[in-house]
Amino acid sequence: MTTEKEIPWQDCARAKQQAILNAMPNKWRILDPMRSAADLRDCTGTYIQQYLTPREIEITEADAVFITQQTTVGSWSAVEVTEAFCHRAAIAHQLVNCLHEIFFDEAVAAASALDAYFAKHRRPVGPLHGLPVSLKDQFHIKGIETTMGYVGWIGSFEGNKGDTRARTFESELVKELRNLGAVLFCKTSVPTTLMSGETANNIIGYTWNPKNRHLSCGGSSGGEGALLALRGSPAGFGTDIGGSIRVPASFNGIFGLRPSTGRLPYEGVANSMDGQNTILSVVGPMATTARSLKLIFKAILEQSPWNHDPLVLELPWRSSVERNLQVCINGNPSTLTFAIMHDDGVVKAQPPVQRAIKLIEKTLRNKSHQIIDWRPPPHKICHGIAKETFQLDGGEDVHAHLGLSGEPQLPQCFVAKTAHMKAIQIADLNVRKRQYQKAYLDYWNSTSKLTRSGRPVDAIICPVAPHAAVIPGRYRHVGYTSFVNVLDVTSAVIPVTHASKELDRLENDDMGPDSEYDPSLYDGAPVGIQLIGRRLEEEKILYLAEYVHDSWTKLSSSAPDTS
């Protein structure tokens, strides 16, 4: 008899890949989708709509807020909404390889139970009643596998062969989403190791960018970003240790929030290098609108996650922060100050990213907000801190999980095997991190001398990456996102524009001979920017994200960008 260990990893991967497709109803299968879209760049919008009914389009192109406004009063049934998103998610996966797990039947059954509850009690289960929510493939769901992109995890619980907890165990966030009335229906693709700005693994291959299929969807919450871009989900959750929510948000033209540690529950979530505490990974929401981020973030806090996760701070939603900002903006917007960081002093941004920053700066100036330049302690220092942190175990964790199946490393997800850091070296790293955090905090506080309000800068505007959605294999620099993780501050991503071969020409690129910018290839790639606040300023940054994006949308509609 052939044992599991003797089965080639390629056969295990192919079987899993086919199982994902087999979980879709035959009527939703596309005949050779890659051939029919061989020369296709953009599979969003009208392209994916051709596979859907007008009613399915109406439902799936609504945002999470509008959907819950219908489902919580019984105007839309949870079953109809769930089936529409299941269908669109199935099409999305066939176009860009964005799903790891499909459990549509279980989702429809859960939605049916929600409809029955509403019919009996005439009230919703919770504020997310009937809202389909997708999850990055790190979250455990009862009866559903978690592979995290490792072939060796297929048929196991976090790589532990014979461990049956996968049939009974659920992450804390999953439990809370169920309590709120959300419908879980799929888990999205991640890069092997999670430590990559692109999404690729040996199970499903490469996850492509829906807006430009020659480019990457980002990582490590890349499948989540791609699915949302194709409107195969209205909202979902990813994780972020170095940019893994924000990079896919920017690359896919959606919204994402990286909260500070301690706001949302990480209890029971699979992870790489579990136990590494120098820079903690955090859970954060991703959605198609800024107001949807607020909806699901606030809903989770209403579950008092601090009662179930020892690392969550007892910090409920603070409505007063929103009210104070609203009064400020409506009364005297000049009292708000935004800092602009055009580059991090290590790698300069390519033309589309430079243009996006300038567009947001123009928007804020148009609203009479004060703008200053951001000149913090050298980011090269914290970039080095992050790099050392991600190599603490010398690659031991990653190589152990790759060794379960014998699968090879992929170029986009390569982790070298090096020497372990000693305890004294880790202690020194933690001291240097704390010192850098203190220096950054002191600099931020010092900006009160430059602002009209006499307060420190309210938020920082900066790139998410030096490029728009990137050419596969060309993601080079994580410094624009990893400094946020080192500082543990709050950051939201808002979509701004798309790379344009007409507007973003090479003569505007000051990256020098190392530039890999190709105007024709990047054409159409989404570009977002980061809006960064201080630690635990989620309420403030969520409010400002919606305000800044709405302001930019109004300005751009009245005066199209020709810069």
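# Close-up views of a predicted model

**View 1. Six aromatic residues form one cluster.** W374, Y436, Y440, Y443, W444 and F483 make up a single aromatic cluster. The model shown here and in every other view is predicted. Within the cluster, the rings of W374 and W444 form an edge-to-face pair, with 5.3 Å from centre to centre and 75° between the planes. W374 sits in the loop between β10 and α14 (379–389), while W444 belongs to helix α16 (residues 423–446), so this pair ties together parts that are 70 residues apart in sequence. W374 and W444 are both buried. Counted by the rule used here, the model has 13 aromatic pairs.

**View 2. A tilted tyrosine pair lies in helix α16.** Y436 and Y440, which also belong to the aromatic cluster, are both found in helix α16. They are four residues apart, about one turn of the helix. Their ring centres are 5.7 Å apart and the planes stand at 50°, so the pair counts as tilted. Y436 has a relative accessible area of 4% and is buried. Y440 is buried too, with a relative accessible area of 2%.

**View 3. Helix α17 is mostly covered.** This helix spans residues 479–487, and nine of its nine residues are buried. Among them are F483 and V484. F483 is a member of the aromatic cluster of View 1, and V484 is one of the residues that S491 touches. The other buried residues of α17 include G479, Y480, T481 and S482, as well as N485, V486 and L487. D488 follows the helix and has a positive phi, near 60°.

**View 4. S491 is a buried serine in strand β12.** The residue lies in β12, and its relative accessibility is 0%, so S491 counts as buried. Its side chain makes a polar contact of 2.8 Å with the side chain of Q530. Leaving aside residues up to four places away in sequence, S491 touches R246, G256, L257, R258, V484, Q530, L531, I532 and I541.

**View 5. Eleven strands form an open sheet.** The strand order is β1-β3-β2-β6-β8-β7-β12-β13-β11-β9-β10, and the pairing is mixed. The edge strands, β1 (99–102) and β10 (370–373), each pair on one side only. Neighbouring strands in this sheet are turned by 30° against each other on average, with direction ignored.

**View 6. Strands β9 and β10 pair at one end of the strand order.** β9 covers residues 337–340 and pairs with β10 in the parallel sense, over four bridges. In this pairing, F338 stands opposite I371 of β10.

**View 7. Two helices are seen against the sheet strands.** Helix α6 (residues 78–96) packs on the sheet and touches β1, β2 (132–136) and β3 (183–188). The direction of α6 makes about 10° with that of β3. Helix α13 (residues 351–366) lies across β9, β10, β11 (459–463), β12 (491–498) and β13 (526–532). With respect to β12, helix α13 runs at about 105°.

**View 8. The protein chain is divided into two domains.** Domain 1 consists of 9–28 + 40–307, and domain 2 of 320–493 + 502–558. The C-alpha centres of domain 1 and domain 2 are 24 Å apart. Contacts between them involve 57 residues of domain 1 and 64 residues of domain 2.

**View 9. A cis peptide bond joins G219 and S220.** Omega of this bond is about 5°. S220 is placed in the loop between β5 (205–206) and α9 (222–229).

**View 10. M148 and T193 have positive phi values.** Phi of M148 is near 55°, a positive value in a residue other than glycine. M148 belongs to the loop between β2 and α8 (172–179), and it is buried, with a relative accessible area of 1%. For T193, phi is near 90°, again a positive value in a residue other than glycine. T193 is located in the loop between β3 and β4 (200–201). T193 is buried, with a relative accessible area of 1%.

Definitions and conventions. Residues are numbered from 1 along each chain as its sequence is written. This is a predicted model: local features need pLDDT of at least 70, side-chain atom pairs count only at pLDDT 80 or more; totals for chains, interfaces and linings use all residues. Side-chain values use heavy atoms; hydrogens and water are left out. Two strands pair if DSSP finds at least two bridges between them. Axes are lines fitted to C-alpha atoms, for helices over the stretch in contact, and angles run from 0 to 180 degrees between N-to-C directions. Contact means heavy atoms within 4.5 Å. Rings of Phe, Tyr and Trp (its six-membered ring) pair if their centres lie within 6.5 Å; planes under 30 degrees apart count as stacked, over 60 as edge-to-face and the rest as tilted. Buried means under 20% relative accessible area, exposed over 50%, partly exposed in between (1.4 Å probe, protein chains only). A polar contact is a pair of N or O atoms within 3.5 Å; within protein, one must be able to donate a hydrogen and the other to accept it, and residues adjacent in sequence count only if both atoms are side-chain atoms. Domain bounds come from an automatic or database domain assignment.
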